[in-house]
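Subject: Structure for your review

Dear colleague,

Please find the structure below, handed over for your own work. My notes on what was found in it follow directly after it.

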Amino acid sequence: MVTCKQFLQELNAYLDDTVDPETKQHWQAHVDECPNCFVIVDTTKKTLQVYKGIEPQTLPDDVRTRLWQALEKKMAAKKQPQV
Amino acid sequence: MTPTASVPTGFDESALVAQAKAGDQNAFAELVNRYERKIYRLAKNITRNDEDAEDVLQDAFLKAYTHLDNFKGDSKFYTWIVRIAVNEALMRLRKRKTDRSVPLDEPVELGEETVQREIAVWEDNPEQQYSQEEWRKILDEAVDSLKPDFRTVFVLRDIEELSTEETAETLGISVPAVKSRLLRARLALRERLTRQFKRKGENLLGYL
């Protein structure tokens, strides 16, 4: 018998699927009969999905300009023979 | 050298890195082009501060350029630059800790303490209820509410998609520490977003 607490300790392994099939089956049996853990699994999955779905932060033009200015300065100082 | 120089897709990155190490500045510029947005996002996510994020972005690439000889090529260039950027970001975070209060949302304890968990299903497609700007703000504030130790692990594992081992190595902590911090970070975010997105008008207490 898997308790809620035991299951939640292993939630990541369950979500990331890093367990052997037999253990997973044990945990699945718990999720199937425990409405609370079912909801936690479902909403944690959704939490991860919303963060994976966000667009990468745009790099503001002025930040990018200053980055390249700093790099060019550094590169000019290094003066490598092959460019 | 132009910042918009591009390389055909499918171009082998190890060749690019080798050229950069041999002193080809265009090759290094191309590497910066590829990862500048991701490094900025990472820096912003860890420091939660525009000024610090910009400093991290610049210092990470300048250090990478200076120390390119130290890059052995046994990991991906991306993992290497991430490691440099994370160290820079954590250093700035520690500096700021003294003059900026770090918001501490009630942590989710998995110990013996009683856990007040929000157990409720979400509205369908909650993102449709908000403008893009509001949506981003909600997600950002939730990440913001995590303690820095948890936030950094969450950012590396679930946003930058580093492996558990890579995250442990980058942060100089053990694999079990990465796992336990990630669990707490995920549960705390779930909790917070559930308060925001739970389906209204349904009594789910019947489950408890």
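α4(B) and α7(B) are oblique to each other, a term that covers angles outside the classes of roughly parallel (under 35 degrees), roughly antiparallel (over 145) and roughly perpendicular (65 to 115). Their axes come within 9 Å and cross at roughly 40°; axes here are lines fitted to C-alpha atoms, for helices over the stretch in contact, and angles run from 0 to 180 degrees between N-to-C directions. The crossing of α4(B) past α7(B) is right-handed, that is, the near helix is turned clockwise from the far one by less than a right angle. On the α4(B) side, Thr79(B), Val82(B), Arg83(B) and Val86(B) make the contact, and on the α7(B) side Glu166(B), Thr170(B) and Leu171(B) do so. Two residues are in contact if their C-beta atoms, placed from the backbone, lie within 7 Å. Sorted by class, this helix contact holds 3 nonpolar, 2 polar and 2 charged residues. Nonpolar stands for Ala, Val, Leu, Ile, Met, Phe, Trp, Tyr, Cys and Pro, charged for Asp, Glu, Lys and Arg, and polar for the others, Gly among them.

The model is predicted: local features need pLDDT of at least 70 and side-chain atom pairs count only at pLDDT 80 or more, while totals for chains, interfaces and linings use all residues. Residues are numbered from 1 along each chain as its sequence is written, and chains are lettered from A and ligands numbered from 1 in the order in which they are written.

Chain B as a whole has 8 helices and 0 strands. Helices (H or I, at least four residues) and strands (E, at least two) are DSSP runs, numbered from the N terminus. Of the 208 residues in chain B, 35% are buried, meaning that 20 or more other C-beta atoms lie within 10 Å of the residue's own, whereas 12 or fewer would make it exposed and values in between partly exposed; C-beta atoms are placed from the backbone. Among contacts in chain B between residues at least 6 apart in sequence, 70% join residues at least 24 apart.

Two parts of the chain deserve a note on burial. In α6(B), the buried residues include Phe150(B), Val153(B), Phe154(B) and Leu156(B), together with Arg151(B) and Arg157(B). The buried residues of this helix pack against α2, α4, α5, α7 and α8 of chain B. Trp80(B) lies in helix α4 of chain B and is buried, with 20 other C-beta atoms within 10 Å. Leaving aside residues up to four places away in sequence, Trp80(B) touches Phe71(B) and Ser75(B).

The domain assignment, which is automatic or taken from a database, divides chain B into domain 1 (13–97) and domain 2 (126–207). Their centres, taken over C-alpha atoms, are separated by 24 Å. Domain 1 gives 10 residues to the contact and domain 2 gives 12. The largest share of the domain 1 side, 6 residues, comes from α4(B). That side has 6 nonpolar, 2 polar and 2 charged residues.

Finally, between the chains, 38 residues of chain B are in contact with 33 residues of chain A. Helices α2, α3, α5, α6 and α8 of chain B each supply at least two residues of the side that touches chain A. That side of chain B divides into 22 nonpolar, 4 polar and 12 charged residues.

With kind regards
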